Amino acid sequence: MTPPLRVAVVGGGPAGLYAAALLKRLDPAREITVWERGALDRTFGFGVVLSDETLGGIERADPVVHSALRREFIRWDDIDIVHRGHRLTSGGHGFVALGRARLLAVLHARCADLGVRLRFRAPAPPAAALARTHDLVIAADGAGSATRRAHADAFGPRITTHRSRYVWLAADFALGAFRFETAETEHGVVQLHGYPYAPAASTVIVEMREEVWRAAGFAGLGERAGPETLRRCAALFEDALGGRPLRANDSAWTPFRTVVNEHWSNGRTVLLGDAAHTAHFSIGSGTKLAVEDALALAAGIGEHPTVEEALAAYEEERRPVVESAQRAATASLRWFEELGGALDRPPRQFAFGLLTRSRRVTHGNLRLRDPAFTEAVEREFGCPPGTPPMFTPFRLRGLRLRNRVVVSPMDLYSAADGVPGDFHLVHLGARALGGAGLVMTEMVCVSPEGRITPGCAGLWTDGQAAAWRRVTAFVHRRAPGTAIGVQLGHSGRKGSTRLMWEGMDAPLPEGNWPLRAASPIPYRPGVNQIPHALDRAGLTAVREEFAAAARRAAGCDFDLLELHCAHGYLLSGFLSPLTNRRTDAHGGGIEGRLRFPLEVFDAVRESWPADRPMTVRISATDWAPGGTTAEESVEIARAFAAHGADAIDVSTGQVVPDERPEYGRSYQVPHADRIRTEAGVPVIAVGAISSWDDVNSLLLAGRADLCALARPHLYDPHWTLHAAAEQDHTGPGAPWPPPYRAGSRPPPTGRRDAPRPRLAL
């Protein structure tokens, strides 16, 4: 018979206490001890927010704890957003909160009833020592975990310190809603996050950028929130507080730190809650995640024969959930970091952007929660009644797009000697028939040496131009109202490689051509060839190749031209400091690095008809240290706009092979948002935008003007028309081609309903 587990819990917060209670309840024979260095009646912070999903898990796992917590809950539905004196309220959200001290008291009582040993004012022995005398060591010792720090080589922590400082305070009255409010000071923007947690108490979090915190004099008052800090914070938000004072609880100004660990367990020791991961408080997930961790760990211990298997199952179950929450929290955190740029938006658009900042609330579910609020935002945006934002028109110079959907450029690697063939006709023609407002070609190369692979399409010969005219003629004739654009580019140092499916970025086994780039730096040292740095004659020749291709593109009757200055190709290679090490006028600071791309842009703009728009695709970040900064990306966008670019297509990365992108849903959108706000230029957002709900949300929040999607259009060439059908929209922004109109509604798939029961037996 297997002896009962001996369990040591390091840290007496919600995660550690709840894990101890669950493990003891599941097997009363277990010997469980919790070490907490603080006193029984001491805790930081004030209120905590839980979700109905979390509460359901608590109720199923331990009805006694759930019943005790339920008596403490404060519930409300509304979010108040105060924007320059305008208070906008959105309802239907559903929140539950209670005091952190009351939560801990409930868990203390439950642990005591079950026989868990609670040791207060008692620092725990080191985890390594505990592991020698216990079967399981639960490290629930918070974001600053000493256990994690002592075993960093095993857990592999990565801790990111962010740009804002915050302080947890409280006011002795109950706010009527979750409240977000901004104070615009001479030093910068300060924001308030507040919510009720008791009948006569509210949590009040004050947050501001580090530079604002210093300029406003808070740094001089010290990190601890003393009387003067409390007075100043209360004065900033006098209306929200009704003139009431604020109070502290060992409160201190802290920069938020995101904690990520490569591994959550080390032998018998496992990280729980904030020790394993943190998520910014603006999505209210810290305590929620900690409690859910405890539920999953306790279940895993009960379901698996060994501790090692249980810990592996716990991490496998929880890691995807936590990573999703951290992506949402990071999106929310960064929205607040860049809050100042959004303040000039109309009040309802600002409020909608705040509500949808984490991407967990979207246009679609906000319509369900609060249709009146959402319809008001749509009216302010300019949506005709019944028209989703994505099906409103948009104008670029002389081109009117009937909707906001763009089929993103996708390299097909299916041309012969640069000539597009039947595959291109079918691919682009099908997507044009599929309803998008704008369909883009792949990167069309301006010279044989500018190809990425032998399968790349080009526009350096009249024969290639004739083949492209076949494509544009089909689009204009059979999909009237759909615009087709061409993207011109040069591979630079990333050329002379195999087809993508034969080995991405791998050199050709034979027949390689010489490469040209800003600097003689290979894409992958020892793998890709060293390019030749372009001299003045080479720069001039490349510029003229772009201009000649633009003239051919105009003759092909393309509606829009995009200059490819992203992804590490030739022009991108001039813009990034990682790939441009020149010491002449085309290197150095951002002004020098911009010089040649702008020279090419000017030549193309002069060769392209004046009434047709031009866009520029850029990599707004290289996702690598020392690469293009956020500030430089705005400067790059401003420069192209000043030279006549009608919109900036904001992508990221693919400049260096050792990049570390922060992948996730719509992960590149914050860069587009920033450029749109700070440079004042229309933007095309791109990057893991996967649903029509995402498109509507981004447009309505003012974060993008157009949305480009690639993979969804590979999966479904009629993605845009199907999006219209799924939203019951039949307006001019989504006309079905006459031969396809019979398929404009999903086909019947059989009866899904069933007779309703009339009797209960």
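Start by selecting Ala-198 and then Ala-201 in this predicted model, because strands and helices are easiest to follow from one pair outward: Ala-201, in β13, is the bridge partner of Ala-198.

Next, widen the selection to the two strands around that pair, β12 (residues 188-198) and β13 (residues 201-209), which run antiparallel and are joined by eight bridges. Strands of a sheet pair through backbone hydrogen bonds, either parallel or antiparallel.

Now bring in the rest of the sheet, an open one of seven strands whose order is β6-β5-β11-β12-β13-β10-β14 and whose pairing is mixed. At its edges, select β6 (86-90) and β14 (254-261), each of which pairs on one side only. From one strand to the next, the twist averages 30 degrees.

With the sheet still displayed, add helix α14 (residues 347-355), which lies across β5 (79-83), β6 and β11 (178-185), and which runs at about 130 degrees to β5.

The last stop is helix α4 (residues 100-114), whose 15 residues should span 21 Å at 1.5 Å a residue, and whose end C-alpha atoms are indeed 21 Å apart, so the expected and modelled spans agree. Which residues of α4 are buried? They are Arg-100, Leu-103, Leu-104, Val-106, Leu-107, His-108, Arg-110 and Cys-111. To see what surrounds them, select α1 (14-26), β3 (47-50), α3 (63-70), β7 (95-99), β8 (117-120) and α11 (286-303), against which the buried residues of α4 pack. Finally, step past the end of α4 to Gly-115, the residue that follows the helix, where phi is positive, near 95 degrees.

Technical notes
Residues are numbered from 1 along each chain as its sequence is written. This is a predicted model: local features need pLDDT of at least 70, side-chain atom pairs count only at pLDDT 80 or more; totals for chains, interfaces and linings use all residues. Side-chain values use heavy atoms; hydrogens and water are left out. Helices (H or I, at least four residues) and strands (E, at least two) are DSSP runs, numbered from the N terminus. The expected span of a helix is 1.5 Å times one less than its number of residues. Buried means under 20% relative accessible area, exposed over 50%, partly exposed in between (1.4 Å probe, protein chains only). Contact means heavy atoms within 4.5 Å. Two strands pair if DSSP finds at least two bridges between them. Axes are lines fitted to C-alpha atoms, for helices over the stretch in contact, and angles run from 0 to 180 degrees between N-to-C directions.
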